[in-house]
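Visitor: Could you take me on a close look at the place where the ligand sits? I am new to this, so please go step by step.

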Amino acid sequence: MSSRKTSCWMISVADHRLWQQGQGLWALFLSVLLLAGCSQDQRIHTLSGQTMGTGWSVKVVGMPAGLTLPALQQDIQLLLASINRQMSTYDPDSEISRFNAGAAGSWHALSPDFQAVLSQALMLARQTGGAFDPTVGPLVNVWGFGPSPMSLTVPGQAVLDAARARVGYQQLQRDDSEAQLLQRGGVYLDLSAIAKGHAVDRVADFLALRGFHSYLVEIGGELRAAGKKPGGEPWRIAVEQPVPGLRDVATVVSLSDMALATSGDYRNFYEVDGQRFAHIIDPRTGMPVSHGVASVTVVHARCGMADGLATALTVLGEQEGLAFAETLGLAVLFLVRDGDRFREVSSSAYQAFTASVTEVHDD
Ligand code: AMP
Ligand code: MG
């Protein structure tokens, strides 16, 4: 943690028109208005905790009057818990779990966060022709990446076919207000590809409302940065090498008022007979992705979108994904396996965010 106090003085020259009008006054009509001898708190305060099966951390610069760190910690933890109660398939009593277990023909009222995430998910599903699909849950589960313990075995064809029959975002039906969702029977939603990013946005928006201008919010590697660090530098984020267990820096991204999310097949996977099975599934084939893209990093204004897009682009792969990114002007970095190394492939819009690796600060 760095600690520094800065002082600033704002001075206004009240009546310089007298000089312009050439009235020859030797007296100096400078009224110096001391607006503020503002001694601004520029310390970085750090908070952290657990949510959604992973860790969260928040760095804020300064502390608006009337706020305290413990109160902030509690508010953030409560906010995250409420999002988890809506979107965690690991909580059998969450809103999403109650929908997933709902009887055929039942309508389910959706809370605002759930509605927002589902809308984003459906937009991505349509844009990607179903490569991204919030109904992918049955496939995620039979491949061993759902709430039930991992089976570490490759599911048989009949099991896969049965799961695939339940997948398809077109099966989702909302009422006109989009606040109610119909369970047709057997539909199993999985919003994990966006939920963390959405939660980052909610925490960031909460901090902005509380009067913070500079902060960095992170949940399980998905981040959003606002303003600058003390000293005026942008926040710098290391994108890690997509190698399990290794925490080496692949590249560094400069972020200010932007979000960043990374997906890939290197964090959550198992191997059977030397073949890797990862937690991101291509709903079009029913199979875990296996086309050599080890990680995809997306920079976007909103973290929910960055998160969803990173998962979607991992499914699309290098060629299809890059074309998609260029068409939509997205800032995307693919790390593609190339023997023992990784090839960097990036979209045109990504260039604006690259920073030198030597510029990473640990604060
Ligand atoms: P992320 O770590 O953000 O890439 O999200 C991965 C999670 O999203 C997985 O663990 C699944 O729960 C879910 N998921 C897997 N494949 C897909 C897909 N094709 N579309 C949407 N969500 C997916
Ligand atoms: Mg994601």
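**Around the ligand**

Guide: Happy to! Let's start with one pair of atoms: a polar side-chain atom of Asp190 is 2.5 Å away from an oxygen atom of ligand 1. Keep in mind that this is a predicted model, and that the distances here are computed from it. A second acidic neighbour to find is Asp307, where a polar side-chain atom lies 2.9 Å from an oxygen atom of ligand 1. Ile281 takes part through its backbone instead: one of its backbone N or O atoms is 2.7 Å from a nitrogen atom of ligand 1. Taken alone, ligand 1 would expose 500 Å², and the protein buries 94% of that area.

Now widen the view to the whole shell. Ligand 1 has 16 residues around it, and those coming nearest are Asp190, Ser263, Ile281, Asp307 and Thr311. By character, the shell splits into nine nonpolar residues, four polar ones and three charged ones. Two helices each supply at least two shell residues: H7, spanning 192–209, and H8, spanning 303–328. Of the contributors, H8 gives the most, with three residues.

Finally, step back to see what surrounds this site. The protein has eight helices and 20 strands, and 48% of its 363 residues are buried. Among contacts between residues at least 6 apart in sequence, 64% join residues at least 24 apart. On the outside, the protein exposes about 17,300 Å², with carbon and sulfur atoms supplying 53% of that area.

Terms used:
Residues numbered from 1 in each chain as written. Chains lettered and ligands numbered in written order. Predicted model: local features only at pLDDT ≥ 70, side-chain atom pairs only at ≥ 80, totals over all residues. Heavy atoms only, no water. Near = heavy atom within 4 Å. Polar contact = N/O pair within 3.5 Å; in protein donor to acceptor, adjacent residues only side chain to side chain. Areas by Shrake-Rupley, 256 points an atom, 1.4 Å probe, with all protein chains shown as cover. Helix = DSSP H or I, 4+ residues; strand = E, 2+ residues; numbered from the N terminus. Nonpolar A, V, L, I, M, F, W, Y, C, P; charged D, E, K, R; others polar. Buried < 20%, exposed > 50% of the residue type's maximum accessible area, 1.4 Å probe, protein only. Contact = heavy atoms within 4.5 Å.
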